[in-house]
Amino acid sequence: MADDRGSDFYAVELVGVSKHFGNVVALDNVSLQIKQGEFYTLLGPSGCGKTTTLNIIGGFIPVTSGTVRINGRVVQDDPPYRRNVNTVFQNYALFPHMTVAQNIGFGPRMKKVPQDEIERRVERMLQLISLPGFGDRKPAQLSGGQQQRVALARALINEPDVLLLDEPLGALDLKIRKQLQGELRNIQRKVGITFVYVTHDQEEAMVLSDRIAVMDRGKVVQEGTPTSIYHHPANRFVANFIGESNFFNGKVMDVAADEVTVEVPGFRQPIRVLAKRPVTRGEMVTVMVRPECMVLIPDPSTAERRDLVNMVEGVIAKAAFLGMYTQIVVELTNGTTALIHQPGGGELESAPQSLLGQSVTLGWRVQDGRLLVD
Amino acid sequence: MAVVERIAGEEEPTGRIAVKSTQRPSPLLWGLLPIGLLLMGFFLIPLSVMVLYSFWRVEGFDIVRDWTLDNYAKFFTLPAYRVVLLRTFLISLAVTIIALVVAYPFAYFLVRHTSPRWQRLFLVLVILPFWTSYLLRVYAWMSILGDRGLINQALLFLHVIKEPIRVFLYNQYAVVIVFLYLYLPFAILTIYASLEKFDFTQMNAAADLGATPWQAFRQVLLPQTKAGVITAFIFIFIPMLGEYITPKLVGGSGGLMIANQVVNLFRGFQFPQGAAITFVVVLGIIVFLIAAQKYLRIEELYRR
Ligand SMILES: Nc1ncnc2c1ncn2[C@@H]1O[C@H](COP(=O)(O)OP(=O)(O)OP(=O)(O)O)[C@@H](O)[C@H]1O
Ligand SMILES: [Mg+2]
């Protein structure tokens, strides 16, 4: 508490923040801890409250309840211009009547920084965003990607404690988006400023982020690194939103020290899965398996040796070669379908169509399944 | 000069205009014919006649066609004329500025804090007065401000005064009040039109970048709604310079404006003098419009 800032504190901390618009609950008791220098992403479907969260950190809307801290300082009653936070807006919000240089220099100008220093800093920023010599243009004379970079420079020139970015690449087409993702990540590393990034594109979130908060209907449902969220989704929503998944619903038959056995109606044998969360016998649960963890087993008698203790049978309904892998849809004996990704190569690649209609056995290891309670 | 620059700038990238001039007259020019004739017959010719008169003089009840600058000399030397001219200018300016200062926050409130349905309702209310005649609206104000008008009645009823008082009517303040009422809708509508198009996330951006609300207004909002403000200024200030009825009805002798003076001169058969005054005012307006035309972008106001 002695020091007002520095690495002892989270760059941003929300404690039990709620936001109501009339009777719409946009945020419901959200708590987040964003570390210094982190690239942190809020990920979730449209309307889940991502922009609202950013607006609350930026100070554009008041909270209904809860506490907001930036670098340890309680800020929820401060107006935006008293927070050392800057924002890159969803639609850039560049000032159309000013030149690029005037746009970028706006922040320092408001703080009465001397003109020659402003010019020097603007020049540096134009270098950083690879647009040297563009200072005299008007925003309307720039492409979407260039405008986006100007918006970034306009925010970064103020050397904020935290930079908020609301779907900054949302309006751009795929190719430029990919390219700018790389640039964004590089710039963030170079300047070392904490980025809070909003997107509904899970791939973008995975590529860019140190950590991700997955949001759903005004709540943070999971917070973690991209790999931990991918491999250990907290619930069915997260598993579905990030990557592709197979779900098997069943009843807990047996609970051992480190393993749970789940009976799925229509399967010949029960599913075994690691007991990563407490369940009781008789409880209804869902087992999630990623498509790339499932393998086609040519000869079930050898499967045990490869640890593929879980086995289900079905008929191949679709198969498509997608470059990196072959995607296969199998109709299972219980009437559901399973999606599997087989690494490309061999006979699969040459003629995936020939697989259609074949009876197959799918297998996966105990540790590849995830036990979900909702 | 601004005109020349602008036209040159538009021509350059396409070169289309140059091509066009070699073709037959475009249909667009035919479209200008009716309005051209109208302007010629009812504006340019009478104006020219008036300019001629301003250089002649009267003797008794006859116009003598001797060229003279006396009328202009008199206008600029006689204190009575100068007082009325100055008053006209000040009243017009005061009404224009007050109207802008009142209309801007109101239009802002409409755009920012009311739902589209209420906006429509408010705008209808704003233009509602146009459905009654100008004269009726002035008379209505006379019955509000007059001896036995609404204000006096209310004050009598409240025992604030014992007898009707006359301070509300027949002076320049009455003129300002009535004009404000008459012209405010123009200010609201033009400023509303420019605010309505403005992307207000820019204000968030400005605040985000450390601008105080006042700085954000001055540096971001006002420059981009300037067209509406200047258009409103012109729509109010210029017609006011020629106002006649309102000062005559509610202005008393202390509230008379230049047009009243001109009418009096014409009634007194002083055509050359009246014409000279009119011409000076017209010239002033033309000079003002040329100076302001750089900012006057009515087409921009109604784009999109
Ligand atoms: N000013 C407002 N008034 C009323 N409801 C609002 C307001 N702003 C947001 N909401 C509601 O709050 C919820 C969250 O909105 P928010 O803009 O934060 O979503 P989002 O996650 O950013 O979505 P998107 O990906 O579409 O941008 C939505 O249901 C939205 O309708
Ligand atoms: Mg949003």
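## Exercises: a ligand shell and a helix

Around ligand 1 sit F21(A), A26(A), S46(A), G47(A), C48(A), G49(A), K50(A), T51(A), T52(A), Q90(A) and E167(A), each with a heavy atom within 4 Å of the ligand. The model is predicted, local features need pLDDT of at least 70, side-chain atom pairs count only at pLDDT 80 or more, and totals for chains, interfaces and linings use all residues. Residues are numbered from 1 along each chain, chains are lettered from A and ligands numbered from 1 as written, and side-chain values use heavy atoms, without hydrogens and water.

**Exercise 1.** Find the polar contacts (N or O atoms within 3.5 Å) of ligand 1 with G49(A), K50(A) and E167(A).

*Solution.*
- Step 1: a polar backbone atom of G49(A) is 3.0 Å from a ligand oxygen.
- Step 2: a side-chain N or O atom of K50(A) is 2.8 Å from a ligand oxygen.
- Step 3: for E167(A), a polar side-chain atom lies 3.4 Å from a ligand oxygen.
- Step 4: alone, ligand 1 exposes 630 Å², of which the protein buries 60% (Shrake-Rupley method, 1.4 Å probe).

**Exercise 2.** Where do the buried residues of helix α8 of chain B lie around its axis?

*Solution.*
- Step 1: list the buried residues (under 20% relative accessible area, 1.4 Å probe, protein chains only): R137(B), V138(B), W141(B), M142(B) and L145(B).
- Step 2: these residues cover an arc of only 150 degrees, so they are on the same side of α8(B). The arc uses directions from the helix axis to the C-beta atoms.
- Step 3: recall that an α-helix has 3.6 residues a turn, so residues three or four places apart point the same way.

Notes. Buried means under 20% relative accessible area, exposed over 50%, partly exposed in between (1.4 Å probe, protein chains only). Helices (H or I, at least four residues) and strands (E, at least two) are DSSP runs, numbered from the N terminus. A polar contact is a pair of N or O atoms within 3.5 Å; within protein, one must be able to donate a hydrogen and the other to accept it, and residues adjacent in sequence count only if both atoms are side-chain atoms.
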